[in-house]
Amino acid sequence: MKRRRILWILLALIIITFSTISCNLRRFTDTKDSTIFEQFEQRAPNSEKPELIRYRAKGHTMRYLKVGSDTLPTLVFIHGAPSSLKGWANFYLDTNFQKKFRMVSIDRPGYGQSDFGEVVLDLKKQAALIQPLFAQINNGKPVTIIGSSYGGTIAARLLMDYPDIANNAILLSSSLKPGSEKTYKISYLLKTPIIKYIFPKFLRLATYEKFSHFKELEKMTDWDKIRVPILIIQGDKDDLIYPDNADYAKEKLVNSTVELVVLPGRGHALQFSEPATVKQLFWNWNKALELVGPKAEAKENQHSQNRN
């Protein structure tokens with residue numbers, strides 16, 4: 001009897017803990033169109049006008065946010081889990097970014113408003129659902145894919161399956177090495193019959209995906225097909241996606257120019273905990289690749305003259 005009481009107390013503590021986490025995460029999971037537009041009105045009233053666009057792909061409805069001039073180079077943001085396109089708000093609301101880039105942030109399949117609840121565990125299939133986005137936004141300017149956590153995994157899969165889809169990529173705290181990530185004990189409760197329904201749906205979805213990581217990462221063998229420059233950013237105190245993921249990817253990317261930046265004393269969710277640092281690393285990377293600025297404009301002018 002005493003043992004049963006202790007178990008119930010532990011379960012209650014777990015529920016309280018996860019309810020607190022859920023409240024914090026709802027800022028990313030409250031993804032109604034109106035909420036996104038309100039975000040711009042409240043935090044970036046002088047922003048470029050955002051658009052929320054939907055498309056159909058292989059029976060799925062996909063949604064993405066687009067902000068910035070269609071004449072600019074493009075940044076495509078891919079979120080991890082649990083999250084949504086709102087997970088990149090620190091970037092797409094930044095008017096300094098809006099002046100230089102058109103930005104696109106997509107709800108991955110099963111998250112946000114991309115058929116919420118219908119998570120696609122097969123990475124190859126998930127990449128195939130995101131790929132049509134790139135055809136829709138093609139304007140002949142450079143494209144950078146920026147993926148965080150499992151979003152970085154998707155970015156790598158996209159570049160394997162569609163090598164010409166982007167000009168470069170940034171992989172932030174990304175799961176890339178099979179088995180080199182932590183699975184919290186509570187995650188097993190999130191897939192336990194009946195008990196799992198105590199927890200919010202968006203946490204259950206992330207858990208289903210979490211338990212597919214090892215199998216899906218083992219399928220990612222076409223690293224040699226990735227030929228664009230890659231920036232890898234990793235915190236050396238990341239206790240969720242272990243730092244050796246970054247070393248593994250750098251070793252596998254044999255046909256890419258790779259820059260690895262390890263942030264001392266930093267953990268996992270760097271775009272939230274260290275947005276200023278991540279932004280500065282981006283600008284350094286952008287400068288090195290000459291995506292915008294006088295040299296980029298000179299190149300574009302030269303291309304235009306050659307076409308004429």
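Student: Which residues of helix H2 (residues 33-43) are buried?

Tutor: This is a predicted model, so keep that in mind throughout. In helix H2, spanning residues 33-43, the buried set is Thr-35, Ile-36, Gln-39 and Phe-40.

Student: How wide an arc do they cover around the axis of H2?

Tutor: Start with the general rule: an α-helix has 3.6 residues a turn, so residues three or four places apart point the same way. Here the buried residues sit on the same side of H2, because the arc they cover around the axis is only 145°.

Student: And which residues are exposed on the other side of H2?

Tutor: Exposed means over 50% relative accessible area. On the other side of H2, that description goes to Glu-41 and Gln-42.

Student: What covers the buried residues of H2?

Tutor: Both strands and helices take part. The cover includes strand E1 (51-57), strand E2 (60-67), helix H3 (89-92) and helix H4 (95-100).

Student: Gln-39 is in helix H2, but what relative accessible area makes it buried?

Tutor: Look at what Gln-39 touches, not counting residues up to four places away in sequence: Ala-44, Lys-86, Ala-89, Tyr-92 and Leu-93. Buried means under 20% relative accessible area. Gln-39 therefore counts as buried, its value being 10%.

Student: Moving on, at what angle do helix H5 and helix H6 pack?

Tutor: H5 covers residues 123-137 and H6 covers residues 150-161, and their axes are 9 Å apart. Among the residues that meet are Ile-130 and Phe-134 in H5, with Ile-154 and Leu-158 in H6. By class, that contact has 7 nonpolar, 3 polar and 3 charged residues. The two helices are roughly perpendicular to each other, with a packing angle of about 75°.

Student: How many residues are in the largest nonpolar core?

Tutor: In soluble globular proteins, nonpolar side chains tend to be buried together. Leu-133, Phe-134, Ile-145, Leu-159, Trp-223 and Ile-230 have the most contacts inside this core. Leaving aside neighbours within four places in sequence, the contacts of Ile-230 include Leu-159, Leu-171 and Trp-285. The largest core has 42 residues.

Student: What distance separates the C-alpha atoms of Leu-281 and Val-261?

Tutor: Leu-281 lies in helix H12 (residues 275-289) and is buried, with a relative accessible area of 16%. Beyond its neighbours within four places in sequence, Leu-281 is in contact with Leu-231, Ile-233, Val-261 and Leu-263. Leu-281 and Val-261 are 20 residues apart along the chain, and their C-alpha atoms are separated by 8.6 Å.

Definitions and conventions
Residues numbered from 1 in each chain as written. Predicted model: local features only at pLDDT ≥ 70, side-chain atom pairs only at ≥ 80, totals over all residues. Heavy atoms only, no water. Core = buried A, V, L, I, M, F, W, Y, C linked by side-chain atoms within 4.5 Å. Buried < 20%, exposed > 50% of the residue type's maximum accessible area, 1.4 Å probe, protein only. Contact = heavy atoms within 4.5 Å. Axes fitted to C-alpha atoms, helices over the stretch in contact; angles between N-to-C directions. Helix = DSSP H or I, 4+ residues; strand = E, 2+ residues; numbered from the N terminus. Parallel < 35°, antiparallel > 145°, perpendicular 65-115°, else oblique. Nonpolar A, V, L, I, M, F, W, Y, C, P; charged D, E, K, R; others polar. Arc of directions from axis to C-beta.
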